[in-house]
Amino acid sequence: TKRMIGKNELGVEEDETAKLIYDPIDFTDGIVEADIRFLMTKGDGASLLIKVSDAGVGENVYNGYEIRLSRADKKIKLIKHQNNYQLLIEKDAIFSPDQWNHLTVQTSGGNIKAYINNASTPVIDFNDPLPITNGKIGLGTAHSPVSFRNIKVNINHQTTQLQLTYSNDQQISDRWDVIQSSKVQAKFSLLQQHAFNGIAAQSIEFISGAGKAGIANRSLNRWGIAVEKNQTFNGVCYLRNESGSVPVIIALESADGKTTYTSQTITSTDTTWKKYSFTLTSNTADSNARFALYIQQKAKLYVDQVSLFSTGNKQFHGLPLRADIGNALVDEGLTFMRYAGSMVNAEGYRFKKMVGERDKRPPYTGHWNEYTSDGFGIEDFLQFAEAAHITPLFAINIEENPQDMADMIEYLNGDTSTTWGKQRATNGHSKPYAAKYIEIGNEEVLFEGDDEATYDHYIERFNLLYNAMHAKDTSIKFITSVWWRPESDNTEKTFKALDGKALYWDYHVWADDKNSGINVDTSLTRMQQLFHQWNSNTTMKCAILEENGGLHNMQRALGHATILNAVRKHGDFMLTTVPANALQPYHQNDNGWDQGQIFFTPNQVWGMPPFYAQQMAAANHLPLRVQDSTTGSLNVTATRSEDGKVLVLHVVNTDSSAQQTSITLNNFTKRKKQVQVFTLSGALDAENLPGNPEAITTKKTVISLPDTGSITYMFAPLSYTILRFEK
């Protein structure tokens with residue numbers, strides 16, 4: 001959103017998922033009204049939202065009603081959302097999109113009426129037999145640039161006009177909220193000069209009165225900070241003031257600020273920036289707490305670079321990362337992990353800006369976020385991978401300076417006798433990271449299309465960076481990130497230019513379809529054929545470093561399982577296959593890739609169905625493929641241990657009916673009668689939610705086999721099954 005200071009009007013840029021929810025009011029029945037004006041001719045519409053609950057980032061991620069003025073087809077639509085889209089009714093409407101239009105919504109129980117431009121007759125008059133009874137109110141967009149003004153709410157004949165913009169004396173970082181007692185006159189400004197780090201710092205000026213003036217933070221997208229009773233947090237902040245000595249209160253509080261769980265007073269003693277450390281131990285459990293920083297006397301305080309971290313067993317191996325999230329990744333059985341994506345393509349994404357103290361790392365404009373702080377970068381990822389015993393791979397920006405990349409290799413892998421190895425030790429990690437895999441770029445030439453000049457530029461940059469890094473450490477394995485276009489002469493040209501330098505070609509696949517592995521198998525066969533056609537002696541192989549999509553349900557789990565089978569069929573040609581994404585905050589996805597394997601809230605971590613498919617495969621991984629043949633629709637691969645004592649069948653049934661199957665094992669004699677069976681199954685749209693986080697999980701059973709002959713087994717519908725045979 002763009003907040004227009006000076007008038008109570010809100011302009012919103014084009015966005016398919018934007019929602020603005022007003023927290024202070026709980027709405028059951030009454031009237032909500034607003035003026036709406038479309039800023040351009042593109043997009044679909046703009047909406048009033050009522051009775052909203054469980055709202056997250058995403059077009060349909062909430063429960064509630066949407067009353068949409070549709071600019072595209074001149075209709076008014078009543079839409080019900082229960083984490084989905086249900087069009088209840090639509091009517092033709094008369095309004096001028098480029099003028100202000102007044103939308104009024106009146107509710108009484110399950111009845112919803114909508115009026116346009118103060119007409120006496122409603123355009124929509126609808127009774128919902130299964131009504132949503134209460135929730136918040138809000139504004140929404142549907143791909144349209146739009147302005148809102150005059151938002152009013154009438155409950156029990158009491159009308160409240162909502163403030164849409166900050167006043168001139170309340171300029172505040174959009175990640176923070178104002179703390180200001182009713183009897184305090186205060187001014188808040190974003191200082192655009194002399195910040196400690198970056199281009200802006202927050203100023204808090206207590207002018208007069210009795211009470212508090214300060215700022216509060218409720219964590220990611222304001223979903224709250226989860227605290228347990230007696231839990232301790234450590235933090236730092238940078239402060240300066242204009243009077244030389246100012247008491248500053250640091251606290252953990254309830255979301256409304258009415259209850260303090262713990263506080264500490266520190267005294268800002270300097271007119272220049274100074275770092276202050278603090279420790280807070282909560283006396284209460286609260287999954288929706290906030291962090292507060294405020295003053296209670298006349299003063300002008302400047303604040304920058306505030307951090308708050310859990311401590312003790314809440315940290316993963318002593319790192320400033322949540323232990324429950326780190327442990328979930330380990331429990332999934334991951335052995336290989338990629339840190340990359342479109343974030344590496346941002347101009348400011350540079351390795352040397354990611355090391356050292358977090359509060360001194362320069363912020364920059366990121367790909368996904370306008371303000372990126374680099375609090376978690378390449379070195380932090382390597383530290384996590386080291387603690388989790390996971391093999392790491394990371395990508396770099398192709399416009400990095402070659403000398404900086406040579407220094408990076410020395411920093412990561414050099415001993416302390418080297419200049420940059422010594423710097424790594426000074427930064428707290430004496431042992432080399434022994435980084436092994438580096439990808440140069442991410443999805444390069446994808447967005448520019450099949451343009452020869454873009455390919456040539458990538459080849460030039462790859463060679464410059466490769467030569468600089470390879471000269472420092474010949475053991476590094478490099479991956480090219482050029483988008484795979486097998487029909488393009490430029491792809492062949494790039495292959496021949498990089499063959500022997502890049503050991504792997506990163507191939508990104510679509511994984512949402514339950515039979516995704518079939519197409520992947522075909523594509524990998526063609527890729528391998530082309531590689532050997534272009535150079536019969538090539539050593540170039542493939543790495544699927546992104547299985548992408550927009551789902552995290554059982555359908556996506558089946559898609560992943562079939563891709564795993566496809567990758568097994570191509571054996572040593574494949575380095576790995578990596579599903580995206582490992583992690584996703586629940587209801588907070590903000591880039592459309594709604595595909596996390598592990599979801600989390602402030603106080604909960606759980607796996608989605610693809611998590612369990614990956615966990616099953618990891619727990620039963622064997623290195624050698626066994627020849628198999630099948631009839632019917634099952635998707636099957638077989639693997640065995642090096643000593644031949646364990647045989648595993650990976651079977652995916654993408655049919656909605658159970659499949660009775662006869663299994664014959666040749667040359668696997670003296671087998672045990674007891675066979676372990678691991679099964680993941682469920683409806684295609686089934687997923688795990690916070691209230692039932694294990695709705696879809698792996699079921700383990702044991703079956704008995706006949707001494708000889710074939711085995712009959714019934715594979716569940718829509719299932720991934722692993723049978724583990726042992727001698």
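1. In this predicted model, the largest cavity holds about 70 Å³ of space. Fourteen residues would be too many to name here, but of the 14 that line this cavity, Lys-19, Glu-59, Tyr-62, Glu-66 and Thr-141 are the closest to its centre. Strand S6 (63-70) and strand S12 (135-142) each contribute at least two residues to the lining of the largest cavity. By class, this lining comprises three nonpolar, six polar and five charged residues.2. The search of the whole structure returns two cavities of 30 Å³ or more. The second largest cavity has a volume of about 30 Å³. Its lining consists of Leu-551, His-552, Arg-556, His-560, Pro-579, Ala-580, Gln-595, Gly-596, Gln-597 and Pro-610. These lining residues divide into four nonpolar, five polar and one charged.

3. Ala-580, one of the residues lining the second largest cavity, also takes part in a cis peptide bond. The bond in question runs from Ala-580 to Asn-581, and its omega is near -5 degrees. Asn-581 is placed in the loop between strand S34 (574-579) and strand S35 (583-585).

4. A second backbone feature deserves a remark. Asp-54 has phi near 55 degrees, which is a positive value in a residue other than glycine. Asp-54 sits in the loop that separates strand S5 (45-53) from S6. Strand S6 is also one of the strands that supply at least two residues of the lining of the largest cavity.

5. On the overall fold, the protein has nine helices and 45 strands. The radius of gyration is 29 Å, close to the 27 Å that the globule rule gives for 727 residues, so the protein is as compact as a globular protein of that length. The C-alpha trace spans about 85 × 70 × 55 Å along the principal axes of the protein.

6. One open sheet is built from five strands, in the order S16-S17-S25-S20-S23, with antiparallel pairing. Strand S16 (184-191) and strand S23 (274-281) are the edge strands, and each of them pairs on one side only. On average, neighbouring strands of this sheet are turned by 30 degrees against each other, direction ignored.

7. Within the five-strand sheet, which strand is joined to S23 by eight bridges? It is strand S20 (residues 232-241), and the two run antiparallel. In terms of individual residues, Leu-239 stands opposite Lys-274 in S23.

8. Another open sheet contains six strands, ordered S38-S39-S40-S45-S42-S43, and the pairing is antiparallel. Strand S38 (624-626) and strand S43 (699-704) stand at the edges with a single partner strand each, so one side of each is left without a neighbour in the sheet. Neighbouring strands of this sheet are turned by 25 degrees against each other on average, direction ignored.

9. Inside the six-strand sheet, S40 and strand S45 (residues 719-726) run antiparallel and are joined by eight bridges. Val-652 stands opposite Tyr-720 in S45. Two helices should be considered together with this sheet. Helix H9 (residues 609-619) packs on the sheet and touches S42 and S45, with a direction that makes about 15 degrees with that of S45. Helix H8 (residues 554-569) lies across S38, S39, S40, strand S42 (674-681) and S45, and runs at about 55 degrees to S39.

10. The second largest pocket has a volume of about 690 Å³. It is lined by 28 residues, of which Asp-628, Ser-629, Leu-649, Ile-663 and Thr-664 are the closest to its centre. The lining residues comprise 11 nonpolar, 14 polar and three charged.

11. Which strands each supply at least two residues of the lining of the second largest pocket? They are strand S39 (635-640), strand S40 (646-653) and strand S41 (659-663). The largest share, five residues, comes from S41. Strands S39 and S40 also belong to the six-strand sheet of point 8, and helix H8 lies across both of them.

How values were computed
Residues are numbered from 1 along each chain as its sequence is written. This is a predicted model: local features need pLDDT of at least 70, side-chain atom pairs count only at pLDDT 80 or more; totals for chains, interfaces and linings use all residues. Side-chain values use heavy atoms; hydrogens and water are left out. On a 1 Å grid over the protein atoms alone, a cavity is a set of points where a 1.4 Å probe fits but cannot get out, and a pocket is an open set with protein on both sides within 12 Å along at least five of seven lines; lining residues have an atom within 4 Å of a point. Grid points are joined across faces, edges and corners, and a volume is the space filled by probe spheres set on the points. Helices (H or I, at least four residues) and strands (E, at least two) are DSSP runs, numbered from the N terminus. Ala, Val, Leu, Ile, Met, Phe, Trp, Tyr, Cys and Pro count as nonpolar, Asp, Glu, Lys and Arg as charged, and the others, Gly among them, as polar. Two strands pair if DSSP finds at least two bridges between them. Axes are lines fitted to C-alpha atoms, for helices over the stretch in contact, and angles run from 0 to 180 degrees between N-to-C directions. Contact means heavy atoms within 4.5 Å. The radius of gyration is taken over C-alpha atoms; the globule rule is 2.2 Å times the number of residues to the power 0.38.
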